[in-house]
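Here's a quick tour for anyone about to set up calculations on this one. Have a look at the model first, then we'll go through its surface, its voids and its charged pairs.

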Amino acid sequence: MGRIFILFLLLGVISASAQDKDKLFGTGAPPEPKKGFILNGNGDFDIPAADMAKRFGLSYRIGPAVFYKTSSNWIIGVKCDFIEGSVVKQDSLMINIRDKYSGPSTHLYEFINKNGDRTGVPVYERGYAIGVQVGKIITLNKFRPDNGLELLGSVGFMQHKIDIYNSDKSVWQIQGNYLKGYDRLTNGGFAEAYAGYIFFAKNKLLNFTLGLDALFGFTQGRRDYLYDVMRPDNQQRLDILYGVRGGWFIPIFKRKSEDLLFE
């Protein structure tokens with residue numbers, strides 16, 4: 001966390017230096033914030049907490065977003081994050097059908113397949129979160145009004161499950177509807193908060209945001225019956241992801257005639 005805040009300070013110094021140059025060579029009148037659409041690609045590195053930490057380990061999210069930025073620096077848009085992970089900590093997963101020497105500690109589940117051979121089946125964390133975002137850019141220098149502290153709030157729908165990768169369909173116990181009795185499908189609403197630094201480059205190429213993110217999922221298990229623990233999976237859950245988020249984006253701003261003249 002300390003390194004991240006140091007990075008924020010460095011970004012602020014770089015931005016301030018560029019702003020000083022603008023004041024030295026510019027007309028002296030501060031520009032107005034631009035308005036238009038922003039096409040964004042984001043990535044998160046997440047640490048799970050609460051019920052999420054009981055089932056999964058470290059994970060990451062990646063996905064697109066589309067925003068509209070107003071001339072008063074309000075932003076509103078939609079986002080979709082795909083949740084990916086390779087650490088599954090569910091001790092009871094397939095305990096009734098797998099080899100007793102395989103499981104979460106080995107990251108591989110072994111079975112006797114339909115041909116009588118021993119085969120390994122990997123498992124992964126998979127999911128997504130889709131929702132709407134509203135936020136504000138707080139300008140730190142009037143000569144660069146589009147740059148500054150970015151605060152975003154999000155609400156929407158999230159879903160995750162354990163992806164049991166029986167690729168060759170050789171293990172009959174985890175095919176078709178049988179698979180649903182093990183995958184721990186979970187979904188529900190979420191709320192998310194983000195705080196970071198946003199930078200719009202004059203060359204329109206080096207545009208980025210970097211900050212801290214927290215997602216709170218108010219979810220529930222959605223399977224009628226789990227074969228390995230022999231019970232329904234309908235418990236309420238609190239799924240939390242704390243992360244570092246970064247993004248690169250393409251602004252499509254409306255430009256005034258005087259902007260075209262001086263650029």
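Which residues form a nonpolar patch on the surface, and how much accessible area do they have together? Keep in mind that this is a predicted model. The patch is made of Phe37, Leu39, Val66, Val78, Val132, Val155, Trp248, Ile250 and Ile252, and together they come to about 780 Å² of accessible area. Two elements, β1 (36–50) and β12, give two or more residues to this patch, and β12 gives the most, with 3 residues. Ile250 is a handy member to click on: it sits in strand β12. With a relative accessibility of 37%, Ile250 counts as partly exposed, because that label covers values from 20% to 50%.

Another partly exposed residue is Val229, at 27% relative accessible area. You'll find Val229 in the loop between β10 (223–226) and β11. Val229 and Tyr182 are 47 residues apart in sequence, and their C-alpha atoms are 9.2 Å apart in space.

Now for the empty space. The second largest pocket has a volume of about 210 Å³. Its lining counts 15 residues, with Arg55, Gln90, Arg231, Gln235 and Arg237 nearest the centre. Here α2 (51–55), β11 (231–233) and β12 (236–253) are the elements that give two or more residues, and α2 gives the most, with 3 residues.

As for closed voids, a search of the whole structure turns up 2 cavities of 30 Å³ or more. The largest cavity holds about 80 Å³ of space. It is lined by 14 residues, and Asn42, Gln133, Leu152, Tyr194 and Arg245 are the closest to its centre. At least two lining residues each come from β1, β7 (148–164), β8 (186–199) and β9 (208–221), with β7 giving the most, 4 residues.

The second largest cavity has about 60 Å³ of space. Its lining is Ile38, Asn40, Phe67, Ile75, Ile137, Glu150, Ile198, Phe200, Thr209 and Phe249.

Here is how the linings break down by class:

| Lining | Nonpolar | Polar | Charged |
|---|---|---|---|
| Second largest pocket | 2 residues | 4 residues | 9 residues |
| Largest cavity | 4 residues | 6 residues | 4 residues |
| Second largest cavity | 7 residues | 2 residues | 1 residue |

On to the charged pairs. How many salt bridges does the structure hold? There are 20. One of them joins the side chains of Arg61 and Glu192, at 3.1 Å from N to O. Arg61 is in strand β2 (residues 59–69) and Glu192 is in strand β8, so this pair ties together parts that are 131 residues apart in sequence. Are these two buried or exposed? Both Arg61 and Glu192 are buried.

Asp81 and Arg245 make a salt bridge as well, at 2.6 Å from N to O. That pair also links distant parts of the chain, with Asp81 in strand β3 (residues 74–85) and Arg245 in strand β12, 164 residues apart. Asp81 and Arg245 are buried too. Recall Arg245 from the largest cavity, where it is among the residues closest to the centre.

These pairs aren't isolated: salt bridges with shared partners join Asp44, Asp46, Arg61, Lys79, Asp81, Glu192, Asp213 and Arg245 into one network.

One more pair to look at is Asp239 with Arg237, whose side chains meet in a salt bridge at 2.8 Å, N to O. Both residues, Asp239 and Arg237, are buried. Arg237 also turned up earlier, among the residues nearest the centre of the second largest pocket.

How values were computed
Residues numbered from 1 in each chain as written. Predicted model: local features only at pLDDT ≥ 70, side-chain atom pairs only at ≥ 80, totals over all residues. Heavy atoms only, no water. 1 Å grid on protein atoms, 1.4 Å probe; cavity = no way out; pocket = protein on both sides within 12 Å on 5 of 7 lines; lining within 4 Å. Points joined across faces, edges and corners; volume = space filled by probe spheres on them. Nonpolar A, V, L, I, M, F, W, Y, C, P; charged D, E, K, R; others polar. Patch = residues over 30% accessible without salt bridge, like charges linked within 9 Å, V, L, I, M, F, W, Y side chains within 5 Å. Areas by Shrake-Rupley, 256 points an atom, 1.4 Å probe, with all protein chains shown as cover. Salt bridge = Lys/Arg side-chain N within 4 Å of Asp/Glu carboxyl O. Buried < 20%, exposed > 50% of the residue type's maximum accessible area, 1.4 Å probe, protein only.
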